[in-house]
Amino acid sequence: MVEPISLTIGAISAALIAKMLDKAVDKAGEAAVDTTASATGKLFAFLRKKFRGTDAEPALKELEANPDSARREAAVAGIIDRIADEDPQFRTELSELVDQAKASDGIYLANQNLHDSPGGVQIANTPNATISINQPPKV
C-alpha cells in the first residue's frame, strides 16, 4: 500500500536552513561565509527576526550551533509549523521565502513520487537533491 508523505512548511524551512548552516560551517575555514546573501539566508534572517525575544529563539540558536542535528532541526520545524498555523501572514511570507530558497538552491519537491516500502521511502524524480530518511538522528 502506498502511503502519502507530506513535508510541512516547518520541515522544509528547517531543512533548508540546516543545510545552509552546515555548508557555512564546512566552509568556515576557507573564508567568511555570508549566510544572508542567499535566498535561504533571507529565510533564516526572517525566522531570526520572528523568533527574537520569544521562547522559539533558543531552538533556532541551537540549530545554528549544531546544524547537523536532526533533533534540533525537528524542534525548529515544529515551532515554525505552530507559528504558521497561528499566524496566516507569517505563513504567507514564509511560503514565499521557502519557494525562493527551494528554487535558488536547486531543491525540487513538487510533483514527486513518494512510496512507502519495506526498505524505507522510495523517492523518484529528485534531481540534485539529498534526502535522508530512516537515518539515525545526529545529535
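Select helix α4 and colour Arg72, Val76, Ala77, Ile79, Ile80, Asp81, Ile83 and Ala84, which are buried (under 20% relative accessible area, with exposed over 50% and partly exposed in between, for a 1.4 Å probe and protein chains only). Helices here are DSSP runs of H or I of at least four residues, numbered from the N terminus. The model is predicted, so local features need pLDDT of at least 70 and side-chain atom pairs count only at pLDDT 80 or more, whereas totals for chains, interfaces and linings use all residues. Residues are numbered from 1 along each chain as its sequence is written, and side-chain values use heavy atoms, with hydrogens and water left out.

Next, display the ends of α4, residues 70–86. Its end C-alpha atoms lie 24 Å apart, in agreement with the 24 Å expected for 17 residues at 1.5 Å a residue (1.5 Å times one less than the number of residues).

Move to serine 69, in the loop between α3 (57–65) and α4. Serine 69 counts as buried because its relative accessibility is 0%. A polar atom of its side chain lies 3.2 Å from the backbone nitrogen of arginine 72.

Now select serine 38, in the loop between α1 (9–27) and α2 (39–51). Serine 38 is partly exposed, at 27% relative accessible area. Its C-alpha atom is 7.7 Å from that of alanine 101, 63 residues away along the chain.

Finally, show α2 with α5 (residues 88–104). Residues of α2 including Phe46 and Leu47 meet residues of α5 including Leu94 and Ala101 (heavy atoms within 4.5 Å).

Definitions and conventions. Helix = DSSP H or I, 4+ residues; strand = E, 2+ residues; numbered from the N terminus. Polar contact = N/O pair within 3.5 Å; in protein donor to acceptor, adjacent residues only side chain to side chain.
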